[in-house]
Amino acid sequence: MRKEIVTRYENNPILTRDDVPYKVETVHNAGVARFGGRYMMLFRSHLDSGRSIIGLAESADGFDFKVRSEPFMVPSKEGVFAEYEEYGVEDPRITFLEGAYYITYSAYSRHGVRIGLAKTMDFESVERVSFITQADYRNTVIFPEKINGRYVKLDRPHSDISPWSIWISFSNDLIHWGDSRVVMKPVTYHWDEMKIGPGAPPIRTDKGWLNIYHGVFPTMDGCVYRLGVALHELDDPAKIIAVGDRWILQPQDPWEITGYVHNVVFSCAAVAEDDGTVKIYWGGADKVMCAGTAVIDELVDFCLEDSRPPM
Ligand code: BMA
């Protein structure tokens with residue numbers, strides 16, 4: 001059998017709508033973090049209105065998850081959050097930073113899509129902090145520590161005149177962001193030629209920040225979403241050391257090929273373990289949640305051994 005760099009968990013999918021005690025159409029694009037020896041998963045679900053909410057599932061081993069009886073985040077009814085979350089909340093990412101769990105999520109409304117920042121200490125209650133982008137941004141991930149005294153995020157603005165690319169920004173307070181620069185662009189006639197976006201919050205390794213991102217290729221049969229890896233400099237993550245030239249994961253299992261949107265693997269989470277492995281989580285065809293494992297050093301070498309220019 002051919003050896004893949006990501007080993008799929010043998011009992012994928014790990015979570016489906018049948019595991020959810022309230023009515024949803026999908027379970028996908030989840031953020032995951034370790035909390036007090038357990039794995040907490042915030043997953044997106046489409047309702048049968050076509051709009052999305054965020055649920056919570058818990059696990060002891062990172063694979064076998066049980067869903068809480070009530071959703072974790074639904075569109076806010078209050079103030080500015082109500083206005084910008086009218087059409088739903090999507091694709092949460094979780095970063096553990098200075099003792100709190102920060103959640104970045106896509107907020108949809110008649111004004112477009114922008115990124116909200118929320119915070120939980122205990123996965124019981126959640127507090128909205130602020131919106132941290134204007135409209136036409138998605139896929140925001142916050143680094144798990146300050147770098148040179150500033151918070152750092154990656155995200156993906158929309159553009160009409162350039163393929164959608166990964167940008168970096170900095171902040172002193174997690175709310176006001178600036179000093180933005182583009183750091184990585186799609187490559188023409190490549191698996192990610194149409195658009196790229198950050199996936200999981202970056203993971204610190206000895207050789208750099210490991211960035212698991214998604215890339216999209218347009219075909220006559222629709223778009224294919226795959227995952228790739230890049231390495232950012234530890235002290236200056238605006239500098240990219242290497243981008244793996246090949247994808248690390250592509251739709252392959254039946255529930256990745258067929259679902260709500262076909263041919264999608266889309267990651268919002270990767271949890272580094274003490275044994276040097278990483279659990280990677282991805283939505284399959286925007287309908288189910290899947291997991292797999294990889295060796296962190298192998299992902300780093302994958303970037304370094306066969307690297308392409310970031311732009
Ligand atoms: C992207 C986002 C993701 C989704 C993907 C594939 O643009 O909407 O939430 O998983 O498309 O449909």
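Here are four short exercises, each with a worked solution, on a predicted model.

**Exercise 1. The ligand and its shell**

Find which residues are around the ligand, and work out how the shell divides into nonpolar, polar and charged residues.

*Solution.*
- Step 1: Start by listing the neighbours, which are Asn29, Arg44, Asp91, Arg138, Lys195, Tyr225, Val261, Val264, Phe266 and Asp286.
- Step 2: Sort this shell by type, and you get four nonpolar residues, one polar and five charged.
- Step 3: Now look at distances to ligand oxygen atoms. For Asp91, a side-chain N or O atom is 2.6 Å from one. A polar side-chain atom of Asn29 is at 2.9 Å from a ligand oxygen, and for Arg138 the distance is 3.3 Å.
- Step 4: Finish with the cover: of the 310 Å² of accessible area that the ligand has on its own, the protein covers 83%.

**Exercise 2. A closer look at Asn29**

Decide whether Asn29 is buried or exposed, and find what is notable about its phi.

*Solution.*
- Step 1: Locate Asn29 in strand E2.
- Step 2: Compare its relative accessibility with the cut-off. Asn29 counts as buried because its value is 2%, and buried means under 20%.
- Step 3: Check the backbone: phi of Asn29 is positive, about 45°, although this residue is not a glycine.
- Step 4: Try the same on Leu174, in the loop between strands E12 (166–171) and E13 (177–184). Leu174 has a positive phi near 75°, and its relative accessibility of 5% makes it buried as well.

**Exercise 3. The largest nonpolar core**

Work out how many residues the largest nonpolar core has and which element gives the largest share.

*Solution.*
- Step 1: The core holds 25 residues, and Ile248, Ile280 and Leu299 have the most contacts inside it.
- Step 2: Among the elements giving two or more residues are strand E16 (208–219), strand E17 (222–232) and helix H3 (296–305).
- Step 3: H3 provides the largest share, with five residues.
- Step 4: Follow Leu299 outward: leaving aside residues up to four places away in sequence, Leu299 touches Ile5, Leu210, Val229, Ile248, Val278, Ile280 and Ala294.
- Step 5: Look for a second, separate core; this one has 22 residues, including Tyr22, Ala30, Val32 and Ala57.

**Exercise 4. The surroundings of Tyr105**

Find which side chain is joined to that of Tyr105 by a polar contact.

*Solution.*
- Step 1: Go to strand E7 (residues 100–109), where Tyr105 is found.
- Step 2: Note that Tyr105 is buried, at 0% relative accessible area.
- Step 3: The partner is Glu85, with a polar contact of 2.6 Å between the two side chains.

Definitions and conventions: Residues are numbered from 1 along each chain as its sequence is written. This is a predicted model: local features need pLDDT of at least 70, side-chain atom pairs count only at pLDDT 80 or more; totals for chains, interfaces and linings use all residues. Side-chain values use heavy atoms; hydrogens and water are left out. A residue is near a molecule or strand if one of its heavy atoms lies within 4 Å of it. A polar contact is a pair of N or O atoms within 3.5 Å; within protein, one must be able to donate a hydrogen and the other to accept it, and residues adjacent in sequence count only if both atoms are side-chain atoms. Accessible areas come from the Shrake-Rupley method with a 1.4 Å probe; for residues, only the protein chains shown count as cover. Ala, Val, Leu, Ile, Met, Phe, Trp, Tyr, Cys and Pro count as nonpolar, Asp, Glu, Lys and Arg as charged, and the others, Gly among them, as polar. A nonpolar core is a set of buried Ala, Val, Leu, Ile, Met, Phe, Trp, Tyr and Cys residues joined through side-chain atoms within 4.5 Å. Buried means under 20% relative accessible area, exposed over 50%, partly exposed in between (1.4 Å probe, protein chains only). Helices (H or I, at least four residues) and strands (E, at least two) are DSSP runs, numbered from the N terminus. Contact means heavy atoms within 4.5 Å.
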